[in-house]
Amino acid sequence: MSDTRHKPDTGYPRIASLGVTAMLVQFGAGMSEAANRAALALRARLEREGWDGVEETSTALVSVFVRFDPLHLKHETLEQKLQSLLGEQDWYSAPLPTGRRHFHIPCVFGAEEGPQLEEAAALAGLDGAAAIDDLAAQTVQVLTIGFAPGQPYMGSLTPNWDIPRQTGLTAKVPEGALVVAIRQLIIFAADAPTGWRHIGQTAFRCFRPEQDQPFALRPGDQVTFDPVDQATMTAIRAKDETGDGGARITEVT
């Protein structure tokens with residue numbers, strides 16, 4: 001993951017109320033490595049604290065959602081507890097949560113499996129072959145899960161990949177599609193339309209409803225995409241029974 005740390009945006013962190021049953025702790029106005037780190041670290045701390053009355057926590061790119069039962073935890077009390085927790089340390093430089101994993105995921109880039117690779121590469125100032133080498137050399141972090149169950153937003157790529165979304169939609173990309181825009185990558189969890197450019201294809205299943213843990217990836221996990229040819233991908237698909245799509249998985253130390 002490239003280093004995109006910066007000083008916190010003015011006025012952050014801050015707490016916003018979302019109706020009578022939820023609060024949002026925001027660490028920035030836009031995506032940065034530091035704000036994402038802060039959100040992941042705070043959410044992990046809240047899960048460890050296990051406050052009575054807090055029913056759910058989750059993260060977006062730079063914020064933490066906290067849902068609570070107002071019959072068991074007063075709004076003012078929760079806000080005070082959150083403010084106290086925010087004052088305990090510099091969350092922007094906090095350690096990332098433990099238990100993170102590194103996924104090396106096979107991917108076919110370009111051709112029919114990634115029909116917009118050349119277009120995306122040109123926007124990044126590269127030819128197709130150089131783009132594959134560049135993407136394969138980068139390890140990205142799962143920044144958040146969203147849009148569809150288990151679907152990861154991963155980044156941040158190097159600045160040359162700060163390419164815009166398309167002005168129109170691709171009618172459908174398949175499950176396992178790798179798409180790119182705004183210095184981020186997504187593996188699609190299901191067939192869906194997208195405004196991001198389809199550059200490759202994996203056999204990785206992000207959403208596995210038949211399993212105890214249906215989301216294969218978690219915020220904070222690391223991902224590297226290993227280029228393979230079509231024959232290798234066909235063989236992976238034929239024998240894959242787990243949904244890992246041939247991925248090699250190690251613990252992050």
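The following exercises, each with a worked solution, concern a predicted model.

**Exercise 1. The four-stranded sheet**

Determine in what order the 4 strands of the open sheet are arranged, and which strands stand at its edges.

Solution.
Step 1. The order across the open sheet is 1-2-4-3, and the pairing is antiparallel.
Step 2. Strand 1 (14–18) and strand 3 (54–59) each have a single partner strand, so these two stand at the edges and one side of each is left without a neighbour in the sheet.
Step 3. From one strand to the next, the twist averages 20°.
Step 4. The pairing of strand 3 with strand 4 (residues 63–68) is antiparallel and runs over 5 bridges. Within this pair, E56 stands opposite R67 of strand 4.

**Exercise 2. Helices on the sheet**

State which strands helix 1 touches, and which strands helix 2 lies across.

Solution.
Step 1. Helix 1 (residues 33–49) packs on the sheet and touches strand 2 (22–26), strand 3 and strand 4. The direction of helix 1 makes about 160° with that of strand 3.
Step 2. Helix 2 (residues 75–86) lies across strand 1, strand 2, strand 3 and strand 4. Relative to strand 2, helix 2 runs at about 20°.

**Exercise 3. The surroundings of T57**

Establish whether T57 is buried or exposed, and identify the polar contact made by its side chain.

Solution.
Step 1. T57 belongs to strand 3.
Step 2. The relative accessibility of T57 is 5%; buried means under 20%, so T57 counts as buried.
Step 3. The side chain of T57 makes a polar contact of 2.5 Å with the side chain of E47.
Step 4. Leaving aside residues up to four places away in sequence, T57 touches R43, L46, E47 and F65.

**Exercise 4. The surroundings of H104**

Locate H104 among the strands, decide whether it is buried or exposed, and list the residues it touches beyond four places away in sequence.

Solution.
Step 1. H104 is part of strand 5 (residues 101–109).
Step 2. With a relative accessible area of 14%, H104 is buried.
Step 3. When residues up to four places away in sequence are not counted, H104 touches T224, D226, G246, A247 and R248.

**Exercise 5. Cysteines and disulfides**

Explain why C107 and C206 do not form a bond.

Solution.
Step 1. A disulfide requires two cysteine sulfur atoms within 2.5 Å.
Step 2. For C107, the closest cysteine sulfur is that of C206, at 12 Å, which is too far for a bond.
Step 3. The search starting from C206 leads back to C107: the closest cysteine sulfur is again 12 Å away and too far for a bond.
Step 4. The count of disulfides is accordingly 0.
Step 5. As to accessibility, C107 is buried, with a relative accessible area of 0%. C206 also counts as buried, at 0% relative accessibility.

**Exercise 6. The two sides of helix 4**

Show which residues of helix 4 (residues 128–136) are buried, which are exposed, and what covers the buried ones.

Solution.
Step 1. G128, A131, I132 and L135 are buried in helix 4.
Step 2. These residues cover an arc of only 100° around the axis, so they lie on the same side of helix 4.
Step 3. A129 and D133 are exposed on the other side of helix 4.
Step 4. The cover over the buried residues includes strand 5, helix 3 (117–123), strand 12 (197–201) and strand 13 (222–227).
Step 5. The N-terminal end of helix 4 is capped by D127, a side-chain oxygen of which lies 3.3 Å from the backbone nitrogen of A129.

**Exercise 7. Backbone geometry**

Locate the cis peptide bonds from Y12 and from G155, and find where A111 and F147, with their positive phi values, are placed.

Solution.
Step 1. Y12 and P13 are joined by a cis peptide bond with omega of about 0°. P13 occurs in the segment before strand 1.
Step 2. The bond from G155 to S156 is also cis, its omega being near -10°. S156 is placed in the loop between strand 7 (152–155) and strand 8 (170–173).
Step 3. A111, a residue other than glycine, has a positive phi near 55°. A111 lies in the loop between strand 5 and helix 3, and is exposed, with a relative accessible area of 69%.
Step 4. F147 is not a glycine, yet its phi is positive, about 75°. F147 is located in the loop between strand 6 (139–145) and strand 7, and is exposed at a relative accessible area of 62%.

Definitions and conventions. Residues numbered from 1 in each chain as written. Predicted model: local features only at pLDDT ≥ 70, side-chain atom pairs only at ≥ 80, totals over all residues. Heavy atoms only, no water. Pairing = 2+ DSSP bridges. Axes fitted to C-alpha atoms, helices over the stretch in contact; angles between N-to-C directions. Contact = heavy atoms within 4.5 Å. Buried < 20%, exposed > 50% of the residue type's maximum accessible area, 1.4 Å probe, protein only. Polar contact = N/O pair within 3.5 Å; in protein donor to acceptor, adjacent residues only side chain to side chain. Arc of directions from axis to C-beta.
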